[in-house]
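Biologist: Before we begin, could you put the structure up, so that we can go through the terms used to describe it and see what stands behind each of them?

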Amino acid sequence: MKNIDHDPVVLTQSLIKCASITPEDNGVIDCVKSHLESFGCECEVLEFSSENSYNVKNIFASIGGKGKHLAFAGHTDVVPIGDKNSWTHKPFDAEIIDERLYGRGAEDMKSAVACFISATHRFVKKYGENFGGKISFVITNDEEKDAINGTKKIMEWTKTSKIKIDDCIVGEPTANNTVGDKIKIGRRGSTNFYLKIKGVQGHTANSNRAKNPIHFLIKVLQNIMANPLDEGNEHFLPSSLQIATIDVGNTASNVIPETVQVTINIRFNNLHTGQSLNKLLNEKIQAISHNEKNISYSLRQEITGESFLTEPNTLVNIVSEVCENTNGQKVILGTDGGTSDARFIKDYCRVLELGIVNNTLHKVDESVNIKEIQKLENIYYNILKKYFDKN
Ligand SMILES: [Zn+2]
């Protein structure tokens, strides 16, 4: 083994010092690679590109042999820093002050990447490479922006490479107050609808010769908003439909505009799919449009993520037990928040999310308590022990 420091706090600092704002790499993937290789992981650097996005460096790495296969997934890219003068601690210096480690990515999610690497190093050092299973790492530098050449493509690559993962832990920040008090076993989906309605332009004084698309739109929106999408269920809050924009672009009070455009964002639970919502919205619009003349419309949909739920299973039980033993309290099984890369993993294996405290991510002076980093590393280590029956 090379002389590399596997302390999770030191590794988090090394990762923060690489200013890896998507899609910039700035050495972060090499840093991950040298740590993984130092204790025997086989690393595959996967560079993906596509016409409609930037090139990205990713890593898939594994250690172990036959048996159950557990993967850790995470991203090394970070969001931009905003105004650098607003930061009290420089965003890429990784300073520790009063037990807090500061820097862009400290929380989201370089600390978790460092913790699962350190925990695996500790586990392999204790039980050897033939510990009776396999541990893999799915690490991308493309999560915060387009997310086109990252986890989605790594997972496709595992399939063509005939690599079968059984369970996966994504290290996104999930905790409320202390690591392990909450994990996520599902996520809501998100979809945008772009509705464009065309009527007939005219003078407001001659409305009989025009057709106001806004008047039609109001009826349509009333029909769409008349009933809630659902009431939620045991694991999910009710789905939420929000009208995000209504654009007419009309600057005159005496003109009936020709077109109006609306953007609707829906955060949906597992009672819907992107497709079922498309059908529902089309039906609601058609119910109003079928007896309207001189109106035409187009509805375009963009699905940014389908919802998913990992029903409580062995992985959820193992992780919950470790968290509960650590904190002495029941773990919350959540499904709230935005989407994450778990949406790309759910079709390949069982997946859940467990990471650091969710508090300062994407903010100025993003920071984590170093005791929480050490605790997360320890929880990952105990999960490995339990998962591979080393108790
Ligand atoms: Zn993240």
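Biologist: Which elements do the buried residues of α2 pack against?

Modeller: In this predicted model, the buried residues of α2 pack against α1 (8-17), β1 (42-50) and β2 (53-64), and also against α3 (106-127) and β6 (133-140). The residues of α2 (residues 28-38) that are buried are V28, I29, C31, V32, H35, L36 and S38. After the helix comes G40, whose phi is positive, near 100°.

Biologist: Why is C31 called buried?

Modeller: The relative accessible area of C31 is 14%, and a residue counts as buried under 20%, so C31 meets the criterion.

Biologist: What is C31 in contact with, leaving aside its neighbours within four places in sequence?

Modeller: With those neighbours left aside, C31, which lies in helix α2, is in contact with L11, S14 and L15. For S14, the separation from C31 is 17 residues in sequence and 7.6 Å in space, C-alpha to C-alpha.

Biologist: Turning to the helix pair, why are α5 and α6 called oblique to each other?

Modeller: Two packed helices are described by the angle between their axes and the distance between those axes. For α5 (residues 213-225) and α6 (residues 274-289) the angle is about 135°, and the axes are 9 Å apart. Roughly perpendicular covers 65 to 115 degrees, and roughly antiparallel begins over 145; an angle of about 135° belongs to neither class, and the two helices are therefore oblique to each other. The crossing in which α5 passes α6 is right-handed.

Biologist: Which residues of α5 and α6 meet?

Modeller: From α5 they are F216, K219, V220, N223 and I224, which meet L281, K284, I285, A287, I288 and S289 in α6. By class, this contact has seven nonpolar, two polar and two charged residues.

Biologist: How do you know that β14 is largely enclosed by the rest of the structure?

Modeller: The conclusion rests on a count, because seven of the ten residues of β14 (residues 259-268) are buried, each having a relative accessible area under 20%.

Biologist: And what makes β10 and β12 paired strands of β14?

Modeller: Pairing requires at least two bridges. Strand β10 (residues 189-198) is joined to β14 by ten bridges, and β12 (residues 240-247) is joined to β14 by seven, so both β10 and β12 count as paired with β14. β10 and β14 run antiparallel, as do β12 and β14. Among the partners, K198 is bridged to T259 in β14, while Q242 stands opposite N265 in β14.

Methods:
Residues are numbered from 1 along each chain as its sequence is written. This is a predicted model: local features need pLDDT of at least 70, side-chain atom pairs count only at pLDDT 80 or more; totals for chains, interfaces and linings use all residues. Side-chain values use heavy atoms; hydrogens and water are left out. Axes are lines fitted to C-alpha atoms, for helices over the stretch in contact, and angles run from 0 to 180 degrees between N-to-C directions. Helices (H or I, at least four residues) and strands (E, at least two) are DSSP runs, numbered from the N terminus. Angles under 35 degrees count as roughly parallel, over 145 as roughly antiparallel, 65 to 115 as roughly perpendicular and the rest as oblique. A crossing is left-handed if the near helix is turned anticlockwise from the far one by less than a right angle, and right-handed if clockwise. Contact means heavy atoms within 4.5 Å. Ala, Val, Leu, Ile, Met, Phe, Trp, Tyr, Cys and Pro count as nonpolar, Asp, Glu, Lys and Arg as charged, and the others, Gly among them, as polar. Buried means under 20% relative accessible area, exposed over 50%, partly exposed in between (1.4 Å probe, protein chains only).
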